[in-house]
Amino acid sequence: MKPLQAVGLGLVLLALGPADAEPGTFDPLPDPLGWLLVLVGLHGLAPVLDERRLPVLRFLGVLALGFSIALVVPAVARWLETDPSLGWSADVPRFAFFAVLCHQLSQAALKARSTGGASSFSIAGMTLLFVLAAPPLAFGAGWDGVGTAGEVAAQAVQIALVVLCFVFAGRRWAGAPEPEAPAEA
């Protein structure tokens, strides 16, 4: 499996689940499984990413995995539902991880002169930064419209990232293995 395919499959598992479920509702596809796939994909992407950013990505990924494991416990999920800012803080590592990953993939695509990949991942990364900034603006400044736009952007960017991961999974700048030379007869 190509590294971006593992990340894309992990994203699918993260995005699927009960829509607007009560905290503690059984999720047949738990988020920790999705994060494990994402981290496996990150391991495969390591050779093409900036080695200075890998520790940050690994830290954010493991932190997001930790939060997803904690949220499987119904009492923790119910506690986070008591205040919307707590729910946002639990999502920060998730969206920060994907924002940094998008930036790194954009840079890798740019080095390979793949403007389509670079611009696509740059737009996704900028959208993720908006998703991270929207809740504090909504809760702190009272800009309710920004909160709603942030929720919509969060859903849209997750879908877009799944598509981008599968579209660009075969590119060498995205960690795909070298194509094998045909065997001579």
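Colleague: How do the residues of the lining of the largest cavity divide into nonpolar, polar and charged?

Modeller: They divide into nine nonpolar, no polar and no charged. Nonpolar covers Ala, Val, Leu, Ile, Met, Phe, Trp, Tyr, Cys and Pro, charged covers Asp, Glu, Lys and Arg, and the others, Gly among them, count as polar. The lining consists of Val-7, Leu-11, Phe-98, Leu-101, Cys-102, Leu-105, Phe-121, Leu-161 and Cys-165. This is a predicted model, where local features need pLDDT of at least 70, side-chain atom pairs count only at pLDDT 80 or more, and totals for chains, interfaces and linings use all residues. Residues are numbered from 1 along each chain as its sequence is written, and side-chain values use heavy atoms, with hydrogens and water left out.

Colleague: What makes this a cavity?

Modeller: On a 1 Å grid over the protein atoms alone, a cavity is a set of points where a 1.4 Å probe fits but cannot get out, and lining residues have an atom within 4 Å of a point. A search of the whole structure finds one cavity of 30 Å³ or more. The largest cavity has a volume of about 40 Å³, a volume being the space filled by probe spheres set on the points, which are joined across faces, edges and corners.

Colleague: Which element gives the most to the lining of the largest cavity?

Modeller: Helix 5 does, with four residues. The elements that give two or more residues to the lining are helix 1 (3–15), helix 5 (84–111) and helix 7 (144–167). Helices here are DSSP runs (H or I, at least four residues), numbered from the N terminus.

Colleague: Why is helix 6 called roughly antiparallel to helix 7?

Modeller: Helix 6 (residues 115–140) and helix 7 pack at an angle of about 150°, with their axes 8 Å apart. Angles over 145 degrees count as roughly antiparallel, under 35 as roughly parallel, 65 to 115 as roughly perpendicular and the rest as oblique, so helix 6 is roughly antiparallel to helix 7. Axes are lines fitted to C-alpha atoms over the stretch in contact, and angles run from 0 to 180 degrees between N-to-C directions. Residues making the contact include Phe-121 and Leu-128 of helix 6 and Ala-153 and Leu-161 of helix 7. The contact residues divide into 15 nonpolar, four polar and one charged.

Colleague: Is the crossing of helix 6 and helix 7 left-handed or right-handed?

Modeller: Helix 6 passes helix 7 in a left-handed crossing. That term applies if the near helix is turned anticlockwise from the far one by less than a right angle.

Colleague: What makes helix 2 roughly parallel to helix 5?

Modeller: Helix 2 (residues 31–45) and helix 5 pack at an angle of about 25°, with their axes 13 Å apart. That angle therefore makes helix 2 roughly parallel to helix 5. The crossing is left-handed. Among the contact residues are Trp-35 and Leu-42 of helix 2 and Phe-98 and Leu-101 of helix 5.

Colleague: How do you know how helix 1 and helix 5 lie relative to each other?

Modeller: Helix 1 and helix 5 pack at an angle of about 155°, with their axes 14 Å apart. The two are therefore roughly antiparallel to each other. Leu-4, Val-7, Leu-11, Leu-14 and Ala-15 of helix 1 meet Arg-94, Phe-98, Leu-101 and Leu-105 of helix 5.

Colleague: Leaving aside its neighbours within four places in sequence, which residues is Arg-172 in contact with?

Modeller: Arg-172 is in contact with Val-48, Glu-178 and Pro-179, where contact means heavy atoms within 4.5 Å. Arg-172 and Val-48 are 124 residues apart in sequence and 8.5 Å apart in space, C-alpha to C-alpha.

Notes. 1 Å grid on protein atoms, 1.4 Å probe; cavity = no way out; pocket = protein on both sides within 12 Å on 5 of 7 lines; lining within 4 Å.
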